[in-house]
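Here are some short exercises to work through with the structure open beside you. Try each task before you read its solution.

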Amino acid sequence: MSTTPEPEPGAPRPALFFDDPLDQQSPDDTDRGWGERPEGDSAADLKHFLDEKPPHHL
């Protein structure tokens with residue numbers, strides 16, 4: 001007796017892909033989103049700086 005539930009008849013089976021994942025461009029390979037922040041005022045810039053500052057910097 002198997003412990004895996006049997007799929008219902010007519011239910012779609014998960015697709016298997018054997019493509020090379022390195023052939024596809026990942027979102028990190030683009031320039032979109034790098035260093036871009038929404039426009040803000042100087043108070044927002046200071047808040048962002050203080051939120052992102054490493055703990056060893058005073």
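A salt bridge here is a side-chain nitrogen of Lys or Arg within 4 Å of a carboxyl oxygen of Asp or Glu. Keep in mind that the model is predicted.

**Exercise 1. Find how many salt bridges the whole structure holds, and name the partners of Asp51.**

Step 1. A search of the whole structure turns up one salt bridge.
Step 2. Asp51 pairs with Lys47, and their closest N and O atoms are 2.8 Å apart. That distance meets the cut-off of 4 Å.
Step 3. Now place the two residues: Asp51 and Lys47 both belong to helix 1, four residues apart, or about one turn of the helix.
Step 4. Check their surroundings: Asp51 is exposed, and Lys47 is too.
Step 5. For background, side chains of opposite charge can pair when their charged atoms come close.

**Exercise 2. Is Leu50 buried, exposed or partly exposed, and which surface patch does Leu50 join?**

Step 1. Locate Leu50 in helix 1, which covers residues 42-52.
Step 2. The relative accessible area of Leu50 is 48%, so Leu50 counts as partly exposed.
Step 3. Together with Leu46 and Phe49, Leu50 forms a nonpolar patch on the surface, with about 310 Å² of accessible area together.

**Exercise 3. Describe the protein chain as a whole.**

Step 1. Count the elements: the protein chain has one helix and zero strands.
Step 2. Look at burial: 0% of its 58 residues count as buried.
Step 3. Finish with the surface: the accessible surface comes to about 6500 Å², and carbon and sulfur atoms account for 56% of that.

Conventions
Residues numbered from 1 in each chain as written. Predicted model: local features only at pLDDT ≥ 70, side-chain atom pairs only at ≥ 80, totals over all residues. Heavy atoms only, no water. Patch = residues over 30% accessible without salt bridge, like charges linked within 9 Å, V, L, I, M, F, W, Y side chains within 5 Å. Areas by Shrake-Rupley, 256 points an atom, 1.4 Å probe, with all protein chains shown as cover. Buried < 20%, exposed > 50% of the residue type's maximum accessible area, 1.4 Å probe, protein only.
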